Amino acid sequence: MSTTDYRRLIPRTDDLLAMPGVAAAREWLSETEIRRVITEAQQQVRDGEGLPQDVGRTILERLARRESASLTPVINATGVVIHTNLGRAPLSAGARRAVERAAGYADVEMDLATGVRSTRGAGTKAALLAACPAAEDALVVNNGAAALLLAVTALGATSTWGTAANDRAPGDIVVSRGELVEIGAGFRLTDLMETTGARLREVGTTNRTHAADYERVLGATVGCVLKVHPSNFRVEGFTSGVEVAALRALIDAHEAAGGRRIPLIVDLGSGLIDPDPTIPDEPDLTGALRAGADVVIASGDKLLGGPQAGILLGTRAAVGVIAKHPLARAVRADKLALAALEATLRGGQTPVGAALHATSEELRARTDRLAEHVSAAAHTSAFEVVPHDGRVGGGGAPGVPLPGWALALPEEYAPLLRTGSTPVVPRVSQSQCLVDLRCVAPEHEQALAEAIAAVATALSTVTTVDSTTKDGFA
Ligand SMILES: *Cc1c(COP(=O)(O)O)cnc(C)c1O
């Protein structure tokens, strides 16, 4: 058959576009994307790869696998609960449902009873205040960094709070040298704060800061006092810091002596609303507010277990000033985040809560069961179940181990698990591929077992072929 004849057998684009399977793909893929898949498949046959009669089937297979968004769901088998590289907190079923409901037109800023404009995020604010009664008011913005930027900008002017917009000279931000945090990937809170034009007034030393260090600098040029929770590192040994209550007392004394009212901003990051005995040293929002913070800041997608969001809780006066600042509009939360956050707060246990509180005994039983399933499915001898500590991760409680278990596989499993049809991200440590079930939802256990069994089968096939070949040449 000549090349021209062969080409003639490749189905025409119009016929391929008319296949019923292509119509289904139009629900999530554009015409351009569909045509690209078709053209590629036709071209491959012209280039001598594959047969003309298989083009239609190849296209349908590729369309079924082609997603319109590239983010791919993964199974987090690392044991790290708040894994920044894996999107931090997974949303609860309730939050996913709320996102779906808010995705179309929704009454984001309309009171349906009267048909007039209403306040954006009112439901989310009510849920926050119900969850944290120590706060008088609340505001939700895009993320924790935005909340911090907004708070120091709006409250940190040297003029009295809430004065006219043309009187916003940024005052110094007083912060301990032990709290100058880099939050990840080279982003430093210090750099962020300096973008406001404010000067950082560092006090104390890396390991120790005393009340007198703050007291010395409180004066007319100070815009705000900021306390930052070192949520991703721990300094041990000869250390001391100044608690929120002590800072409140210093600021009150300054004001009583005729000084300006200096706002006290506390950035906790992790977002624990109340104390949690599993992570006893992690400070909570309620505690910081009771101790006298004007405003506390947290991320929505760390220990709170919700969507990416920046949460500001505090006094009516402080949050009122922050909400009215022009920058608040630039960092506002989107409707999907507002919906997911409200549902997270009003729902029951979050996946983050479940992972954090999973007991060692439960994890042992689940991991033993996984080991049995995998061994049976892959016809391999039993894999070992070993003790393995989980971690809270970038969201807080640095260095605190969460005792549990892991299925120990050979290290070569790791890349194959990550790139399988259900991507699994294990932990690789000391030449082992460790599969920790702490962050794996029970409904994903089956898929996880199948993914591991598939790798075991693939690797045993490769080994057999290799040894046969070697034997053949020996
Ligand atoms: C995580 C964190 C931030 C940044 O919050 P994002 O939601 O990631 O923007 C700021 N401050 C502290 C103390 C944090 O832990």
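In what sense do strand β1 and strand β16 pair, and over how many bridges? Strand β1 (residues 75–77) and strand β16 (residues 424–429) run parallel and share three bridges. Pairing of two strands requires at least two DSSP bridges between them. Strands (E, at least two residues) and helices (H or I, at least four) are DSSP runs, numbered from the N terminus. The model is predicted: local features need pLDDT of at least 70, side-chain atom pairs count only at pLDDT 80 or more, and totals for chains, interfaces and linings use all residues. Residues are numbered from 1 along each chain as its sequence is written, and side-chain values use heavy atoms, with hydrogens and water left out.

Within the β1–β16 pair, Ala 77 has Pro 426 as its bridge partner. Strand β16 also pairs with β17 (residues 432–436), here antiparallel and over three bridges. Val 428 is matched with Cys 433 of β17. The two strands β16 and β17 make a hairpin with two residues between them. In its turn, Gln 430 has a positive phi of about 45°.

An open sheet of seven strands follows the order β5-β13-β12-β11-β10-β6-β9, with mixed pairing. Its edge strands, β5 (137–141) and β9 (200–203), each pair on one side only. Neighbouring strands are turned by 25° against each other on average, direction ignored. Axes are lines fitted to C-alpha atoms, for helices over the stretch in contact; angles run from 0 to 180 degrees between N-to-C directions. At one edge, β5 joins β13 (residues 310–314) antiparallel through five bridges. Ala 138 stands opposite Leu 313 there.

Helix α11 (residues 244–256) packs on this sheet and touches β10 (222–228) and β11. Its direction makes about 165° with that of β11. Helix α13 (residues 316–324) also packs on the sheet, touching β5, β12 (295–299) and β13. The direction of α13 makes about 30° with that of β5. Contact here means heavy atoms within 4.5 Å.

The ligand is surrounded by 13 residues, counted as near if a heavy atom lies within 4 Å. The closest are Ala 145, Ser 231, Asp 267, Ser 299 and Lys 302. Both α8 (144–155) and β11 (264–269) supply at least two residues of this shell. Polar contacts (N or O pairs within 3.5 Å) reach ligand oxygen atoms from three side chains. The distances are 2.7 Å for Lys 302, 2.8 Å for Arg 88 and 3.4 Å for Asn 143. Taken alone, the ligand exposes 380 Å², and the protein buries 94% of that (Shrake-Rupley method, 1.4 Å probe).

How values were computed: Polar contact = N/O pair within 3.5 Å; in protein donor to acceptor, adjacent residues only side chain to side chain.
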